[in-house]
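Visitor: Could you take me through one part of this protein at close range? I would like to start with the whole chain and then settle on the helix packing.

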Amino acid sequence: MQFASFMDETVLFGSTTVENEFIVEYMPQAPGEFVRVYLYMLFKCHHPSPGDSLEGIARELGLGEEDILRAMSYWERQGLWRKVGDNPPRFQFVGCYHRTMDEIPRQNRELHAQLQALFGMDYVIQPRDFTTIADWQEVYGLPADVILLLTEGEIAKTHAKRRSMNSIFKRLDKTAQEWAKAGVFTVETAKEYAARTGAGYEAACLVLRQFNLRREPTVDEIALANGWVHAMQLSNDDILAACAETVSSRNPTFAYLDAILKRHSGSGKVSADIQADRQRVDALKEICAELGLPTAQIPPAQIETYAGYERMGFEKEALIEAARRCAREGMQDFAAWEKYVGQCAQKGLFTLEALKRNTRRMDQLSEAAERVMRTYGDDRHARAADREWIEKWLAVMPMEVILLAAERSQGTQLPRKYITRLLTNWQKNGITTLEAAMQENAPQTTGTAAKTAAEKSYTQREYRDEDYADDTMMKMWMDGGTNDASGNH
């Protein structure tokens with residue numbers, strides 16, 4: 001325990017002295033998080049507390065322990081702190097006034113700080129690197145602004161690649177030698193040389209040849225290409241695959257190509273993603289042809305809609321068949337097709353076979369419903385509500401029993417309601433055969449015609465491909481489920 005210490009309130013409302021030289025010469029070029037660490041560590045020197053540790057300081061600053069050590073290593077390289085222990089790590093404050101000349105080259109301090117700012121917190125320049133930087137200036141004759149441009153370009157090339165500081169400086173040293181041999185000693189020549197020797201320049205030239213343009217790429221075109229190669233990590237194959245997507249434009253441009261690449265770059269496999277889009281466009285052209293719509297250019301929104309249906313599990317053939325059925329019903333627009341496909345999705349009709357199977361089922365229900373309707377005197381075509389009604393009763397009653405109920409409803413004011421009452425009562429009484437139903441509540445006079453109609457067997461239709469034209473699934477969608485046979489007959 002300390003023999004004497006400040007009260008907590010005294011520490012909180014006191015002050016920590018920061019040298020003006022630090023503010024003027026060191027702080028402006030230093031990474032922001034490094035400055036935070038410097039100030040907090042200086043505060044701890046003035047006001048230490050029992051149990052101060054690397055872990056505690058990292059927690060208080062909201063940084064990782066490695067971040068704290070990188071920051072202190074940086075200030076050690078600047079000569080403002082000195083490491084005096086390793087386990088646990090301990091540092092002593094040196095400060096600007098006591099910093100010795102041999103701890104860091106005083107010459108080019110501003111260049112070193114600017115370079116460190118480019119590298120950020122992840123990489124801290126080491127003493128051996130100062131010697132390499134000095135060689136670039138004194139041996140190769142590169143000015144400071146050219147060195148900064150060289151370093152900035154190398155950092156851009158290593159985007160998203162976790163290279164070691166040693167590896168980066170080896171590449172920088174090699175590039176510095178190349179620039180010196182090529183006579184690159186000004187910012188202007190450095191920009192031009194970098195633009196015409198990098199992977200971005202090569203990619204830009206490939207694109208121009210693909211566009212059938214025989215000229216050198218502009219600075220802006222090279223800048224875009226550098227973004228594709230370095231920031232987006234695209235290969236030349238990816239870029240050329242995207243070029244094929246610009247054929248719909250009379251005058252393809254780098255900006256148009258850039259938009260295509262940005263749309264596909266998130267997939268991780270640009271070439272495969274673009275190929276998939278081509279297949280979607282081909283399918284959409286078939287769909288538009290069925291609907292009688294133009295097929296010359298498919299809007300991106302329609303491609304995304306189709307891709308969404310693919311993700312839902314729709315087969316291409318099912319989506320084309322949906323367009324064919326829409327056209328047969330006179331609904332020849334993309335919105336109608338989308339609505340119909342949405343209805344199919346709700347019923348789980350994702351394949352052509354499922355669509356056909358559903359059509360057969362709907363036709364069977366329509367035929368059964370119309371047979372009952374004709375029996376009690378209704379000559380309408382069956383609609384969605386009629387199919388739902390007959391489907392419900394066919395699940396619990398044979399067709400001949402339902403026909404008997406329909407026969408007995410003749411002459412009533414509300415035949416459908418009367419049939420429902422009869423069938424409900426029979427179901428409660430366990431009557432599920434024609435013979436039992438005919439004995440239950442049989443009318444006083446029963447003609448042979450009624451028995452004949454009820455005893456006729458329910459013959460299922462034979463279906464051929466052309467029968468699918470009578471698409472009752474489509475009719476169900478068109479009539480919206482309205483029940484015109486709810487007893488008002």
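Visitor: To begin with, what percentage of the residues of the protein chain count as buried? After that, please give me a close look at how helix α12 and helix α13 pack.

Guide: Happy to. Please keep in mind that this is a predicted model. Of the 489 residues in the protein chain, 40% count as buried. The chain is built with 26 helices and 2 strands. Among its contacts with a separation of 6 or more, 66% join residues 24 or more positions apart. On the outside, the protein chain exposes about 26,700 Å², and carbon and sulfur atoms supply 50% of that area.

Now to the pair you asked about. Helix α12 covers residues 199–210 and helix α13 covers residues 219–231. Their axes lie 8 Å apart, and the helices pack at an angle of about 110°. Angles from 65 to 115 degrees count as roughly perpendicular, so α12 is roughly perpendicular to α13. The crossing in which α12 passes α13 is right-handed. On the α12 side, the contact is made by A199, G200, Y201, A203, A204, V207 and L208. Facing them from α13 are E221, I222, A225, N226, W228, V229 and H230. A general point helps in reading such lists: an α-helix has 3.6 residues a turn, so residues three or four places apart point the same way.

For comparison, look at helix α20 (residues 352–376) and helix α21 (residues 384–394), whose axes come within 9 Å and cross at roughly 90°. These two helices are therefore also roughly perpendicular to each other. Here α20 contributes R361, M362, L365, S366, A368, A369, V372 and M373. Their partners in α21 are D386, R387, W389, I390, E391 and L394.

Further along the chain is helix α22 (residues 399–408), which has 9 of its 10 residues buried and so is largely enclosed by the rest of the structure. Its buried residues include M399, V401, I402, L403 and L404. The charged-type names E407 and R408 are on that buried list as well, along with A405 and A406.

Finally, a word on cysteines, since you may be wondering about them at the bench. The disulfide count comes to 0. C45 is partly exposed, with a relative accessible area of 41%, whereas C243 counts as buried at 3% relative accessibility.

Terms used: Residues numbered from 1 in each chain as written. Predicted model: local features only at pLDDT ≥ 70, side-chain atom pairs only at ≥ 80, totals over all residues. Heavy atoms only, no water. Helix = DSSP H or I, 4+ residues; strand = E, 2+ residues; numbered from the N terminus. Buried < 20%, exposed > 50% of the residue type's maximum accessible area, 1.4 Å probe, protein only. Contact = heavy atoms within 4.5 Å. Areas by Shrake-Rupley, 256 points an atom, 1.4 Å probe, with all protein chains shown as cover. Disulfide = S-S within 2.5 Å. Axes fitted to C-alpha atoms, helices over the stretch in contact; angles between N-to-C directions. Parallel < 35°, antiparallel > 145°, perpendicular 65-115°, else oblique. Left-handed = near helix turned anticlockwise from the far one by under 90°.
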